[in-house]
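Please open the model in your viewer and keep the sequence panel beside it. The tour below moves from the whole chain to its strands, then to its core, and ends at a single side chain.

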Amino acid sequence: MAIIKNKHITFSLVLLCLIVVSPMANAQIGGINVPIINGVLFCTINGAPLNGTSAPAFANAVVQLQCGSQNSVVAETITSITGLFTFSTNGIQISLPTLLNDCRIVVPTPRSSCNSTLPSTGQLISQLNLVGSLISGLLNIVAILPTGFVPTV
């Protein structure tokens with residue numbers, strides 16, 4: 001009977017060790033990626049701040065995350081009054097390499113809506129760039145920024 005008790009104790013200790021070590025191993029291999037895309041949009045020809053002068057924010061602009069050759073909209077948000085936009089891609093089932101290589105940020109809102117002297121046609125488009133990550137428990141929070149907006153005609 002003592003051998004059976006020892007087997008139960010041994011099994012319990014091994015199981016306990018696996019439970020304790022598993023989260024650490026998962027965090028070391030990256031855990032779950034949670035990409036967060038942030039950016040600031042300014043009311044200029046290319047959405048970037050002007051050199052040496054202040055530019056107003058592009059408030060209430062529609063910003064889309066488009067992916068694939070069909071430019072499918074997988075997420076959409078609106079800029080704040082300071083021009084800030086954020087996409088948390090928790091609910092989007094896209095791998096990190098696909099997100100970085102096959103997706104882009106598109107601003108379909110006409111730039112003339114924030115400044116009547118700017119074009120009323122075309123869009124702003126930017127590729128994505130990984131800038132860093134932070135491991136928090138099992139989560140790997142991945143910071144992604146636009147590389148720079150390019151206006152289309």
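Helices, which need at least four residues, and strands, which need at least two, are taken here as DSSP runs numbered from the N terminus. Counted in that way, this predicted model has two helices and nine strands, and along the sequence these follow the pattern α-β-β-β-β-α-β-β-β-β-β.

**The whole chain**

Begin with the chain coloured by accessibility: of its 153 residues, 29% count as buried. Switching to a surface display shows about 9300 Å² exposed, of which carbon and sulfur atoms supply 63%. If you then draw contacts with a separation of 6 or more, 55% of them are accounted for by residues 24 or more positions apart.

**Strand E1 and its two partners**

Next select strand E1, residues 32–40. On one pairing, E1 and E8 run in the parallel sense over six bridges, and you can locate this pairing by selecting Ile 32, whose bridge partner in E8 is Leu 139. E1 is also joined to E4, by five bridges and in the antiparallel sense; here the pair to select is Asn 38 and Thr 86, the latter in E4, which stand opposite each other.

**The largest nonpolar core**

Now hide the backbone and show the side chains of Leu 65 and Ile 105, which touch the most other members of the largest nonpolar core, a set of 21 residues. At least two residues of this core come from each of E2, strand E4 (84–88), helix H2 (96–102), strand E5 (103–107) and strand E8 (139–146).

Staying on Ile 105, select its surroundings while leaving aside neighbours within four places in sequence: its contacts include Val 63, Gln 64 and Leu 65, together with Phe 85, Phe 87 and Phe 149. Also among them are Ile 37, Leu 124, Ile 125, Ser 126 and Leu 128.

**Gln 66**

Finally, centre on Gln 66, which lies in strand E2, residues 62–67. Is Gln 66 buried or exposed? Gln 66 counts as buried because its relative accessibility is 9%, and the cut-off for that class is under 20%.

Which side chain does the side chain of Gln 66 join in a polar contact of 2.7 Å? The partner is Gln 64. To complete the view, select the residues that Gln 66 touches, not counting those up to four places away in sequence: Asn 71, Ser 72 and Val 73, and also Asp 102, Cys 103, Arg 104 and Val 106.

Key: Residues numbered from 1 in each chain as written. Predicted model: local features only at pLDDT ≥ 70, side-chain atom pairs only at ≥ 80, totals over all residues. Heavy atoms only, no water. Buried < 20%, exposed > 50% of the residue type's maximum accessible area, 1.4 Å probe, protein only. Polar contact = N/O pair within 3.5 Å; in protein donor to acceptor, adjacent residues only side chain to side chain. Contact = heavy atoms within 4.5 Å. Areas by Shrake-Rupley, 256 points an atom, 1.4 Å probe, with all protein chains shown as cover. Core = buried A, V, L, I, M, F, W, Y, C linked by side-chain atoms within 4.5 Å. Pairing = 2+ DSSP bridges.
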